[in-house]
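Work through the following exercises with the sequence and the coordinates side by side. Each task is followed by a solution that proceeds step by step.

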Amino acid sequence: MILNSHWCRAFAFSVLISAVPALAANLGFMKDSPYGQFTEQDLVLFNETLNDVLSNGAEGELRSWSNPETQAGGEMKPLKSFERKALACRTLSITNKAKGRTATGRYDFCKQESGKWLLAN
């Protein structure tokens, strides 16, 4: 996985715990990243788009999401599909914008036997 800066690492970590909102309350270091600025509604839109892109997005197809109420949004593009440890995996380019902040990074996700996509190490 390629991480471009500290806030991208924070974003990647936040993707891992996005399904557990109670843990997110302890992530004060993310407050300056776009992801750290997301409202609950932004998170729902982000996660819906992420799961759809991972499951159905064609390689090279750019998908956007936005919340007109908060002006937060982003883009996701599948770059490649591959297999790791017998799991289907995908590399995505993800850009998020919120409250004047922008972050872009490339992230690998693998689909677990349960059907859930997780950020790969």
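**Exercise 1. Determine which residue of strand 3 stands opposite Lys-80, and place this position within the hairpins that strand 3 forms.**

Step 1. In this predicted model, the residue of strand 3 that stands opposite Lys-80 is Thr-91. This position belongs to the pairing of strand 2 (residues 72-84) with strand 3 (residues 87-98), which runs in the antiparallel sense over 11 bridges.

Step 2. The connection between strand 2 and strand 3 is a hairpin with 2 residues between the strands, and Lys-85 in the turn has a positive phi of about 50°.

Step 3. Strand 3 also pairs with strand 4 in the antiparallel sense, over 10 bridges, and here the bridge partner of Thr-95 is Thr-104 in strand 4. This hairpin, too, has 2 residues between its strands, with Lys-99 in the turn at a positive phi of about 50°.

Step 4. As for cover, 9 of the 12 residues of strand 3 are buried, so that the strand is mostly covered.

**Exercise 2. Identify the cysteines that form the disulfide, and decide whether each is buried or exposed.**

Step 1. The structure holds 1 disulfide, which joins Cys-89 to Cys-110 with an S to S distance of 2.0 Å.

Step 2. The pair links distant parts of the chain, since Cys-89 lies in strand 3 and Cys-110 in strand 4 (residues 101-111), 21 residues apart.

Step 3. The torsion about the S-S bond is about 105°, and the disulfide of Cys-89 and Cys-110 is therefore right-handed.

Step 4. Buried means under 20% relative accessible area; Cys-89, at 2%, counts as buried, and Cys-110, at 5%, counts as buried as well.

**Exercise 3. List the salt bridges, and work out which residues are linked in a network.**

Step 1. The count comes to 3 salt bridges. Arg-63 forms one of them with Asp-52, the closest N and O atoms being 2.4 Å apart. Because Arg-63 lies in strand 1 (residues 63-67) and Asp-52 in helix 4 (residues 40-56), this pair ties together parts that are 11 residues apart in sequence.

Step 2. Arg-63 forms a salt bridge with Glu-61 too, with 3.1 Å between the closest N and O atoms, and Asp-52, Glu-61 and Arg-63 are accordingly linked in a network of salt bridges. Both acidic partners are partly exposed, Asp-52 with a relative accessible area of 31% and Glu-61 with one of 32%.

Step 3. A further salt bridge is formed where the side chains of Asp-108 and Arg-84 meet, at 3.6 Å from N to O. Asp-108 lies in strand 4 and Arg-84 in strand 2, so the pair links distant parts of the chain, 24 residues apart. Asp-108 is buried at a relative accessible area of 10%, whereas Arg-84 counts as partly exposed at 28%.

**Exercise 4. Describe the chain as a whole: how many helices and strands does it have, and what share of its residues is buried?**

Step 1. The chain has 4 helices and 5 strands, which follow the pattern α-α-α-α-β-β-β-β-β along the sequence.

Step 2. Buried residues make up 40% of the 121 residues in the chain, and the accessible surface comes to about 6900 Å², of which 51% belongs to carbon and sulfur atoms.

Step 3. Of the contacts with a separation of 6 or more, 41% are accounted for by residues 24 or more positions apart.

Terms used
Residues numbered from 1 in each chain as written. Predicted model: local features only at pLDDT ≥ 70, side-chain atom pairs only at ≥ 80, totals over all residues. Heavy atoms only, no water. Disulfide = S-S within 2.5 Å. Buried < 20%, exposed > 50% of the residue type's maximum accessible area, 1.4 Å probe, protein only. Contact = heavy atoms within 4.5 Å. Areas by Shrake-Rupley, 256 points an atom, 1.4 Å probe, with all protein chains shown as cover. Salt bridge = Lys/Arg side-chain N within 4 Å of Asp/Glu carboxyl O. Pairing = 2+ DSSP bridges.
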